[in-house]
Amino acid sequence: MTASLMNGTLHDLPLDQIVNSVVGCLSSGGTESIILAAKAHREYYCKRRGIKHPEIISCTTAHAAIDKACEILCCRNVKIPYDPDTYALDVDALEAAITSDTILLYSSAPTFPQGVVDPIKKLSDLALKHDVGLHVDCCLGGFVLPFAKKLGYPVPEFDFTLEGVTSMSCDTHKYGYASKGTSVVLYRNKELRRCQYFCYPEWTGGLYVTPTIAGSRPGALSAACWASMMAMGEDGYSSRVSTIMDATQEIASAVSSMPGLYLLGTPKSMIVCFDSADFNIYRVGDKMTKLGWSLNSLQKPACIHLCVTLRTVEHKEKFIDDLSQCVDEVVFEGNDGALTGNAAIYGMSGSMPPGPINELLKCYTDTILKA
C-alpha cells in the first residue's frame with residue numbers, strides 16, 4: 001500500500017500485468033528504516049565497486065537518524081550546507097562532494113527543521129549521472145505529500161517517479177495514524193532490498209536470517225498498522241491532508257505578517273518555521289509552552305517550528321492569537337526579559353564546543369533513565 005503511494009507500482013498496465021517494481025519492509029520506526037536503507041546501499045555499492053571507505057552525503061538539515069546510521073555502519077557522513085535562501089539542500093555543494101567512495105545521496109521530503117522539500121529531481125539526475133544511490137527521507141511527509149499532490153497542492157517531485165530514487169522511508173506512525181513502532185522502508189528493486197538482510201549461516205544455533213535489525217518483532221503492531229490504513233482509506237487521508245495543508249498556509253501567512261517574525265523556507269507540507277531578527281525567538285517558544293503549545297526549538301539557525309496536526313487545525317485561531325500575544329510580551333520586555341527554559345539552554349550551547357554539550361546530553365539521558 002505504501003509503495004503504491006510512492007508511485008512504486010506501474011498502474012498504467014492492465015490489471016493482470018501490473019508490475020510491482022518497488023519492494024519494501026516494515027521496520028520499528030523511521031530511524032531503523034533509515035539505518036536499513038544505509039546498510040543496503042553500503043552492502044550493494046561496496047561489493048559492486050570494491051569500496052573500502054564508503055561515504056554518504058547529507059545536508060546539515062537531514063534528520064539525525066542518518067548520523068546514527070553512519071556511526072553504526074562505519075560510513076563517513078559528508079555534511080554539506082543548505083541554500084541560505086530556500087533552506088533546501090545545496091545541490092552544487094552536494095555534487096562537489098561526490099567522490100569514488102560515495103554510495104548514497106540523502107535527501108528529505110520534507111526536512112524536519114524548516115519543512116522544505118529538497119530538490120530531489122536534481123538529485124535524481126545527479127544519482128544517475130554518478131551511478132550512486134538516492135534515499136528520500138519521507139518519514140514525516142509520507143502520508144501527506146502524495147495526497148497533497150493528488151489534491152493539487154504545489155508539491156515538487158519526490159518519489160519513485162524519479163528514476164534516480166533508489167530508496168525511501170515513510171513513517172506509518174506519524175500521519176499514517178498507526179501506532180508507534182511501525183515504519184516502511186522501500187527499495188527500487190529486490191536486489192537492493194536483499195542487501196538489507198542480516199544472514200549468519202555459520203551460527204551453531206542454526207541457519208539464521210532476519211530482514212531487519214530486530215530478531216523477534218510484534219505481529220500485533222503490524223496488524224494494527226494495516227488496520228489503521230485500511231480504516232482510514234484514501235478518502236480519509238485526503239480529507240485530513242486537505243485540512244492540514246490549508247491550516248498550515250493560514251498559520252504561515254499569519255506568522256509572516258506579525259511584526260518581528262519571518263518564515264524560514266516556504267511551507268510545502270505541515271511545518272511552519274520562523275525566527276526573528278529583533279529578539280530571541282526561544283523566549284517566544286518558552287512563553288508558548290506555558291500556554292500549552294508544543295513547539296520545537298531548533299538551531300543553526302536559531303528558530304522554532306510548529307508541526308501542524310489535526311489537533312492544531314481545531315485550534316488554529318487560538319494558536320495565532322497566542323503567538324501574537326507572546327510576541328507582544330517579548331517585545332515589551334525587551335532585553336530585560338529573563339532567559340529561562342530553552343532560551344537559556346540554547347543560548348548556553350551556542351557558546352560552547354561540542355564536547356561539553358555531548359556530556360550534558362549524556363547526563364540528561366542518565367537522569368531520564370533513572371526516572
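Start with the whole chain: its radius of gyration, taken over C-alpha atoms, is 22 Å, which agrees with the value near 21 Å for a compact globule of 371 residues. The globule rule is 2.2 Å times the number of residues to the power 0.38. This is a predicted model, in which local features need pLDDT of at least 70 and side-chain atom pairs count only at pLDDT 80 or more, while totals for chains, interfaces and linings use all residues. Residues are numbered from 1 along each chain as its sequence is written, and side-chain values use heavy atoms, with hydrogens and water left out.

**Whole chain**

Show the C-alpha trace; along its principal axes the trace spans about 65 × 50 × 45 Å. Switch to cartoon for the 13 helices and 15 strands. Helices (H or I, at least four residues) and strands (E, at least two) are DSSP runs, numbered from the N terminus. Of the 371 residues, 48% count as buried; buried means under 20% relative accessible area, exposed over 50%, and partly exposed in between (1.4 Å probe, protein chains only). Turn on the surface: the accessible area is about 18,100 Å², of which 56% belongs to carbon and sulfur atoms. Such areas come from the Shrake-Rupley method with a 1.4 Å probe, and for residues only the protein chains shown count as cover. Among contacts (heavy atoms within 4.5 Å) with a separation of 6 or more, 66% are between residues 24 or more positions apart.

**The sheet of E12 to E15**

Select 261-263, 271-276, 296-298 and 303-307. The four strands form an open antiparallel sheet in the order E12-E13-E15-E14. Strands E12 (261-263) and E14 (296-298) are the edges, each pairing on one side only. From one strand to the next the twist averages 35°. Axes here are lines fitted to C-alpha atoms, for helices over the stretch in contact, and angles run from 0 to 180 degrees between N-to-C directions. Pairing requires at least two DSSP bridges between two strands; E12 and E13 (271-276), running antiparallel, have three. To find the register, pick leucine 261 and look across to serine 276 in E13.

**Helix H9**

Add residues 281-290. This is helix H9, which packs on the sheet and touches E12, E13, E14 and E15 (303-307), its direction making about 40° with that of E15. Eight of the 10 residues of H9 are buried, so the helix is largely enclosed by the rest of the structure. The buried ones are Ile281, Tyr282, Arg283, Val284, Gly285, Asp286, Lys287 and Met288.

Now look at both ends. Asparagine 280 caps the N-terminal end of H9, with a side-chain oxygen 2.9 Å from the backbone nitrogen of tyrosine 282. A polar contact of this kind is a pair of N or O atoms within 3.5 Å; within protein, one must be able to donate a hydrogen and the other to accept it, and residues adjacent in sequence count only if both atoms are side-chain atoms. Just after H9, glycine 292 has a positive phi of about 100°.

**The loop between E14 and E15**

Most residues other than glycine have a negative phi, and most peptide bonds are trans. Select lysine 300, in the loop between E14 and E15. Its phi is positive, about 55°, although it is not a glycine. Lysine 300 counts as exposed, at 71% relative accessibility. The peptide bond from lysine 300 to proline 301 is cis, with omega near 10°. Proline 301 is in the loop between E14 and E15.

**Proline 110 and serine 269**

Next, select the peptide bond between alanine 109 and proline 110, which is cis with omega about 0°. Proline 110 lies in the loop between strand E6 (102-108) and helix H5 (120-130). What else touches serine 269, beyond its neighbours within four places in sequence? Its contacts are Pro110, Gly115, Leu145, Met245 and Thr248. Serine 269 sits in the loop between E12 and E13 and is buried, at 0% relative accessibility.

**Two further stops**

Pick tyrosine 177, in the loop between strands E8 (167-170) and E9 (183-187). Its phi is positive, near 65°, in a residue other than glycine. Tyrosine 177 is partly exposed, with a relative accessible area of 28%.

Finish at glutamate 55 in strand E4 (55-59). Glutamate 55 is buried, with a relative accessible area of 8%. Leaving aside neighbours within four places in sequence, glutamate 55 is in contact with Arg76, Val78, Thr99, Asp101, Thr102, Ile103 and Leu104.
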